[in-house]
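New to this one? Here's a friendly walk through it, so take a look at the structure before reading on.

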Amino acid sequence: MVKETKLYTLLGVSPDATENDLKKGYRKMALKYHPDKPTGNTEKFKEISEAFDILNDKNKRQIYDLYGLEAVRHGGPIPTGNAQANGSSGGFSGGFPFNGASGMPGGTSSFSFTSTGSDPGFSSNDAFNIYRQFFGGSGGMNGMDDFGASSFSSSSPSGNFPFNRPSNSNNNNNNNNNNNNNIFSKRSVNRSAETIELKLPCSLEELSKGGIKKMKINRKGPHNEKETNIISVNITPGWKAGTKITYPNEGDYTIHGRQDIKFVIVEKPHPIFQRDNNDLILNLDLTLKEALLGFKKQVKLLDGRIISIVKTQPINPALKETYPDLGMPISKKPGERGNLIVQFRVNYPSNLTSNQKNAIANNF
């Protein structure tokens, strides 16, 4: 029996979950509660990440199963009296007193859990680091979600998950400062620096083609000095208005560390097209003559291609025609596009000459 099940519950798995079960649980919950998602919850995202950080490490998981969350957060149980492990007595110098020992539950001492100051706490930055390393790339959400990819300033480690964890060359199991079994070799300092949201205006052409958009950021340095920083935002084809891209540690310097910058995509109005999810809507104006006798018009698409729309018969003013695969790219399905929807609008004349009236009267 495990002492607590909270961390397992956070990942939606049972206490006997395998390594693969933990990965699946983390993937599902992290994608659901990522702060950039509509269903996002920053605190929940951090809790899920810490749960995965602990349970995916054999030593930490063993401490958690035996003694609970507070114990693993502070490196292991600190004895308040004499303890016995595997039948031998003796005090511990702090930290987890064994590496996978089997006799610990049979000891006779009581334990308290105190912070030694060696662990700054699990921060939001730690959560983003785990997420980035798990999914790889620039934040791991490319092609996986409803709103596009989250990008981060630092590059992800090489190699696929599971991660290559750093090893402890000293191999001192009584060292309470040993965090080498963590997913990263050194945790960042716990911060509460806020996230700054900045609008990132993009044209439909930019959101259709994708590419790199460079943003010049003016920020404050550690000594309140002015700094200029260039952030290159990699636009994924098909991103929509409201897409959020987070860059940790790129904003103003505060007493809690650098602020995070979160860009929010804002779609610029287009003179010809309107966007409806993954479809593009084109209002094609026709004269009465064109509507009755037919026409041939050329339309330039967002990617530069030119298509011809040809009609030889009268057009119903309410007619809509759909042209498949000529709309916006679908970010979740690379290579696929939405539709182009053409709405015909007939511009009826406000008055007619006598000759025009006679021509209509004599031919209809």
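What follows is a short briefing, going from the whole chain down to single residues.

Keep in mind that this is a predicted model. The protein has 364 residues, and 44% of them count as buried. Its secondary structure comes to nine helices and 17 strands.

**The big picture**

- The accessible surface adds up to about 19600 Å², and carbon and sulfur atoms account for 47% of that.
- If you take the contacts between residues at least 6 apart in sequence, 59% of them join residues at least 24 apart.

**The four-strand sheet**

- One open sheet has four strands, in the order S12-S13-S17-S16, and its pairing is mixed.
- Strand S12 (273-276) and strand S16 (320-323) sit at the edges with a single partner strand each, so each has one side without a neighbour in the sheet.
- Going from one strand to the next, the twist averages 30 degrees.
- As general background, strands of a sheet pair through backbone hydrogen bonds, and they can do so parallel or antiparallel.
- S12 and strand S13 (residues 279-287) run antiparallel and are joined by four bridges. Gln274 has Ile281 in S13 as its bridge partner.
- S13 and S17 run parallel, with eight bridges between them. Here Leu280 stands opposite Leu340 in S17.
- S16 pairs with strand S17 (residues 340-347) in the antiparallel sense, over four bridges. Thr322 faces its opposite number, Ile341, in S17.

**Turns and loops around that sheet**

- S12 and S13 make a hairpin, with two residues between them.
- Which residue in that turn has a positive phi? That's Asn277, at about 60 degrees, although it is not a glycine.
- Asn277 lies in the loop between S12 and S13. With 47% relative accessibility, Asn277 counts as partly exposed.
- Asp325 is another residue other than glycine with a positive phi, in this case near 65 degrees. You'll find Asp325 in the loop between S16 and S17.

**The three-strand sheet**

- There's also an open sheet of three strands, ordered S5-S11-S8, again with mixed pairing.
- Its edge strands are strand S5 (195-202) and strand S8 (244-247), and each of these pairs on one side only.
- The twist in this sheet averages 25 degrees from one strand to the next.
- S8 and strand S11 (residues 260-267) pair in the antiparallel sense over four bridges. In this pair, Lys244 stands opposite Val264 in S11.

**The nonpolar cores**

- In soluble globular proteins, nonpolar side chains tend to be buried together.
- The largest nonpolar core has 34 residues, and the members touching the most others are Val233, Phe263, Phe273 and Leu340.
- Where does this core lie relative to domain 2 and domain 3? Domain 2 (195-267) and domain 3 (273-347) both give residues to this core, so it lies between them.
- A second, separate core holds 31 residues, including Tyr8, Ala71, Phe122 and Ile130.

**Two residues worth finding**

- Start with Phe273: leaving out residues up to four places away in sequence, it touches Leu204, Leu280, Ile281, Leu282, Val299, Lys300, Leu301, Leu302 and Leu340.
- Then try Leu282, which is in strand S13. Is Leu282 buried or exposed? Its relative accessibility is 3%, and buried means under 20%, so Leu282 counts as buried.
- Beyond its neighbours within four places in sequence, Leu282 is in contact with Ile272, Phe273, Val299, Leu340, Ile341, Val342 and Gln343.
- Leu282 and Val299 are 17 residues apart along the chain, and their C-alpha atoms are separated by 9.4 Å.

Technical notes
Residues are numbered from 1 along each chain as its sequence is written. This is a predicted model: local features need pLDDT of at least 70, side-chain atom pairs count only at pLDDT 80 or more; totals for chains, interfaces and linings use all residues. Side-chain values use heavy atoms; hydrogens and water are left out. Buried means under 20% relative accessible area, exposed over 50%, partly exposed in between (1.4 Å probe, protein chains only). Contact means heavy atoms within 4.5 Å. Accessible areas come from the Shrake-Rupley method with a 1.4 Å probe; for residues, only the protein chains shown count as cover. Two strands pair if DSSP finds at least two bridges between them. Axes are lines fitted to C-alpha atoms, for helices over the stretch in contact, and angles run from 0 to 180 degrees between N-to-C directions. A nonpolar core is a set of buried Ala, Val, Leu, Ile, Met, Phe, Trp, Tyr and Cys residues joined through side-chain atoms within 4.5 Å. Domain bounds come from an automatic or database domain assignment.
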